[in-house]
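Student: I should like to learn how to read helix burial, helix packing and cysteine pairs in a structural model. May we work through one example together?

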Amino acid sequence: MESVGENNRLLEVIDLKKHFPVKRGLFSRVQGYVRAVDGISFTIGREETLGLVGESGCGKTTTGRTILRLLEPTAGDVRFEGRSVFAFNKTELRQMRRNMQVVFQDPFGSLNPRMTVGSIVGEPLAVHRVGARRERRERVKELLQKVGLPADAVNRYPHEFSGGQRQRIGIARAVALNPKFVVCDEPVSALDVSIQAQIINLLEELQEDFGLSYLFIAHDLSVVQHVSDRVAVMYLGQIVELGDAEVIYEDPKHPYTVALLSAIPVADPKTKRKRIVLPGDVPSPVNPPRGCRFHTRCKYAKDDCKTEEPKLTDRGGGHFVACFLEESPDELRRAQGEGK
């Protein structure tokens, strides 16, 4: 999938799969597999942000953790600067950690309550033996200042801070080693709306200052629209639409994407938007539907959708869609027009 030029490509995900065994019975025999991530491919360029969106349980977080090799894959490959992440030995993997970091969703659960903020932010520097002790202390102070925390935060503990401040601590820890790539796993979903804007602005400032690339995982499409260069829409372990953020939001092609966008609140009370409510529930990832996985909730599904799986194909300009609909139906066009 040629979404990003080869010379500018930092990360490449190739047919990535992660299945979790379902065990039952006295002897814990495998009865099936949860297909959390089931054959996804995309690329991320240098200093680019790719937004990964979808309903809860679609496999977004599993994708991020498998890319970082916090989870071992079932199949597929992830290439970072042309090298397979899954082929690294222990020493190479340790070195890779300096260039690939993560900001977790829960700003409190991801911080050790027994460690001071200075120790938390300085831990990556100590683990990778970056500089002398005095240099590390100075680096920690610089990082805390960079993310907007007071100087006395060094000697305080996570419980003494608000949720937004804790997330700033987590971000400072993530960029301490000057990484090239950061997975942001719903970094603002647990925060108040006013604080969300501050954290997003901080991430954008750090991206400019440090030259970072982001995989920005979220279920809030309005947040993703603000922060992303490109957007990938995920449903039941697969990517159904991928393209430039502006194109996805202005001219979505997949019925699932249109339904997601119709749920974004509009600030202007005079603007009317038709909300598309999808029937039924998300099918079980243990036994996903045959053919197009969205066909059980799609009113436009035809016989082909029930038997054949649509491939993610380029509709032009790097806009990839996994759908048999060549043209959007009139109802979808109207929904897209009202969503602008």
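Student: How many of the residues of helix H9 (residues 255-262) are buried?

Tutor: Please bear in mind that this is a predicted model. In helix H9, 8 of its 8 residues are buried, and the helix is mostly covered. The buried residues are Pro255, Tyr256, Thr257, Val258, Ala259, Leu260, Leu261 and Ser262.

Student: How many residues of H5 are buried, and which residues are they?

Tutor: H5 is also a mostly covered helix, with 11 of its 13 residues buried. Those buried residues are Gly164, Arg166, Gln167, Arg168, Ile169, Gly170, Ile171, Ala172, Arg173, Ala174 and Val175. Helix H5 spans residues 163-175, and the distance from its first C-alpha to its last is 19 Å, close to the 18 Å expected at 1.5 Å a residue.

Student: Against which elements do the buried residues of H5 pack?

Tutor: They pack against strand S6 (100-103), helix H3 (117-127), helix H4 (133-146) and helix H6 (193-210).

Student: What describes two packed helices?

Tutor: The description consists of the angle between their axes and the distance between the axes. For H5 and H6, the angle is about 15° and the axes are 10 Å apart. The two helices are therefore roughly parallel to each other, and their crossing is right-handed.

Student: Which residues of H5 and H6 meet?

Tutor: A general idea helps here: an α-helix has 3.6 residues a turn, so residues three or four places apart point the same way. On the H5 side, the residues are Gly164, Gln167, Arg168, Ile171 and Val175. They meet Ile195, Gln198, Ile199, Leu202, Leu203 and Leu206 of H6.

Student: At what angle do H3 and H4 pack?

Tutor: H3 and H4 pack at about 120°, and their axes lie 9 Å apart. That angle makes H3 oblique to H4. The crossing of this pair is right-handed. From H3, the residues Val117, Gly118, Val121, Gly122, Leu125 and Ala126 meet Arg136, Arg139, Val140, Leu143 and Leu144 from H4.

Student: Let us turn to a loop residue. Where does serine 110 lie, and is it buried or exposed?

Tutor: Serine 110 is in the loop between S6 and H3. Its relative accessible area is 17%, so serine 110 is buried. When its neighbours within four places in sequence are left aside, serine 110 is in contact with Phe104 and Arg173. Arg173 is itself one of the buried residues of H5.

Student: How many disulfides are found in the whole structure?

Tutor: The search finds 0 disulfides. Cysteine 292 is in no disulfide, and the nearest cysteine sulfur, that of cysteine 305, is 5.8 Å away.

Student: Why is there no bond between the sulfur of cysteine 305 and that of cysteine 292?

Tutor: The two sulfurs are 5.8 Å apart, which is too far for a bond; a disulfide requires sulfur atoms within 2.5 Å. From C-alpha to C-alpha, these cysteines are 5.2 Å apart in space, and they are 13 residues apart in sequence.

Student: Are these cysteines buried or exposed?

Tutor: Cysteine 292 counts as buried at 12% relative accessibility, and cysteine 305 counts as buried at 11%. Cysteine 292 is placed in the loop between H9 and helix H10 (303-307). Not counting residues up to four places away in sequence, cysteine 292 touches Cys305, Glu308, Glu309 and Pro310.

Technical notes:
Residues numbered from 1 in each chain as written. Predicted model: local features only at pLDDT ≥ 70, side-chain atom pairs only at ≥ 80, totals over all residues. Heavy atoms only, no water. Helix = DSSP H or I, 4+ residues; strand = E, 2+ residues; numbered from the N terminus. Expected span 1.5 Å × (residues − 1). Buried < 20%, exposed > 50% of the residue type's maximum accessible area, 1.4 Å probe, protein only. Contact = heavy atoms within 4.5 Å. Axes fitted to C-alpha atoms, helices over the stretch in contact; angles between N-to-C directions. Parallel < 35°, antiparallel > 145°, perpendicular 65-115°, else oblique. Left-handed = near helix turned anticlockwise from the far one by under 90°.
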